[in-house]
Amino acid sequence: MTNINTEIVQGGMNAARLLGALGRMGYDPVSALLDLVDNAVSASATTIDINIASEREEREGPGRKRDIIQSYVISDNGIGMDRDRLKNALTLGSASKYYSESDLSKFGMGLKSAASSLGRKLEVLTAQSDGETLYVCIDQDDLSATGEYTYSLSSGAEAVEKWTGEPLSGHGTTIRVGKVSREGAPTLAKVIEGLQD
């Protein structure tokens, strides 16, 4: 008689590599920004601002110097997220209970994959009108050190202190994506042109 042993194995993952791969699955900067804008529309936002920070390329030689994108910021005045909804939005393959069947977010990957296609650092500042202010930063360079998908969630005064951009006025969500990849990245002018189309 043959002795059969079955081993249940917890599958592993390297979080930074997974996020990097998700960001390369069919996104260009314009489609990624529009995916993030769709999240704001789903959150009943009536005002959505997209700000793109850039700096002039530093190089020697002939030719025009390009504007290199440093970060993308998407701000809205939507309903914001409470602690559970923010955690769900950042879960890889988030639960479907917050999404309707017609949402682009129905597969639970939108925020993570769209942000990862734009850069390696995602920051979220969010508040509901009657709730606490929350802040999260997910830096793929930090995740590379451990391979784990972990982040710290700050609230209240600590959240506001960690956020280095414009504060929220009331309720809504601001997403900032930094550490933008320069490899194969379009120019600032191309991104703006794509958003205007």
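**Exercise 1. Find which residues line the second largest cavity, and sort them by class.**

*Step 1.* Start with the term: on a 1 Å grid over the protein atoms alone, a cavity is a set of points where a 1.4 Å probe fits but cannot get out, and lining residues have an atom within 4 Å of a point. The second largest cavity is lined by Arg 66, Asp 67, Ile 68, Ile 69, Val 180, Ser 181, Arg 182, Ala 185, Pro 186 and Thr 187.

*Step 2.* Keep in mind what you're looking at: this is a predicted model, where local features need pLDDT of at least 70 and side-chain atom pairs count only at pLDDT 80 or more, while totals for chains, interfaces and linings use all residues. Residues are numbered from 1 along each chain as its sequence is written, and side-chain values use heavy atoms, with hydrogens and water left out.

*Step 3.* Now sort. Ala, Val, Leu, Ile, Met, Phe, Trp, Tyr, Cys and Pro count as nonpolar, Asp, Glu, Lys and Arg as charged, and the others, Gly among them, as polar. That gives five nonpolar, two polar and three charged residues.

*Step 4.* How much room is there? The volume is about 50 Å³, where a volume is the space filled by probe spheres set on the points, and grid points are joined across faces, edges and corners.

*Step 5.* Strand β2 provides the largest share of this lining, three residues. Helices (H or I, at least four residues) and strands (E, at least two) are DSSP runs, numbered from the N terminus.

**Exercise 2. Place Arg 182 in the chain and list what it touches.**

*Step 1.* Look between β6 and α7 (188-196): Arg 182 sits in that loop.

*Step 2.* Pair Arg 182 with Ile 69. They are 113 residues apart in sequence, but the C-alpha to C-alpha distance is 7.9 Å.

*Step 3.* Contact means heavy atoms within 4.5 Å. Skip residues up to four places away in sequence, and Arg 182 touches Glu 55, Ile 68 and Gln 70.

**Exercise 3. Describe the largest cavity and say which element gives the most to its lining.**

*Step 1.* The structure holds two cavities of 30 Å³ or more, and the largest has a volume of about 80 Å³.

*Step 2.* Its lining includes Leu 19, Lys 112, Ser 116, Arg 120 and Tyr 149.

*Step 3.* Both α4 and β3 supply at least two residues each, and β3 gives the most, with four.

*Step 4.* By class, you get five nonpolar, three polar and three charged residues.

**Exercise 4. Work out which elements line the second largest pocket.**

*Step 1.* A pocket is an open set with protein on both sides within 12 Å along at least five of seven lines. The second largest one holds about 370 Å³ of space.

*Step 2.* There are 21 lining residues, and Ser 116, Ser 117, Leu 118, Ser 181 and Glu 183 lie nearest the centre.

*Step 3.* Check the elements: β2 (67-76), α4 (110-118), β3 (119-127) and β6 (172-180) each supply at least two residues. Helix α4 gives the most, with three.

*Step 4.* The lining splits into eight nonpolar, eight polar and five charged residues.

**Exercise 5. Why do the buried residues of α1 line one face of the helix?**

*Step 1.* Buried means under 20% relative accessible area, exposed over 50%, partly exposed in between (1.4 Å probe, protein chains only). In α1 (residues 15-22), Ala 15, Ala 16, Leu 19, Gly 20 and Leu 22 are buried.

*Step 2.* Look down the axis of α1: these buried residues fall within an arc of 160°, so they line one face. The arc is that of the directions from the helix axis to the C-beta atoms.

*Step 3.* Their cover includes α4, β4 (133-139) and α5 (140-146).

*Step 4.* Just before α1 is a segment that holds Met 13. Met 13 counts as partly exposed because its relative accessibility is 44%. Leaving aside neighbours within four places in sequence, Met 13 is in contact with Leu 18, Leu 92, Gly 147 and Tyr 149.

**Exercise 6. Which sign does phi have in Ser 44 and Lys 179?**

*Step 1.* Most residues other than glycine have a negative phi.

*Step 2.* Ser 44, in the loop between α2 (29-42) and β1 (48-56), has a positive phi near 65°.

*Step 3.* Lys 179, in strand β6, also has a positive phi, near 50°.
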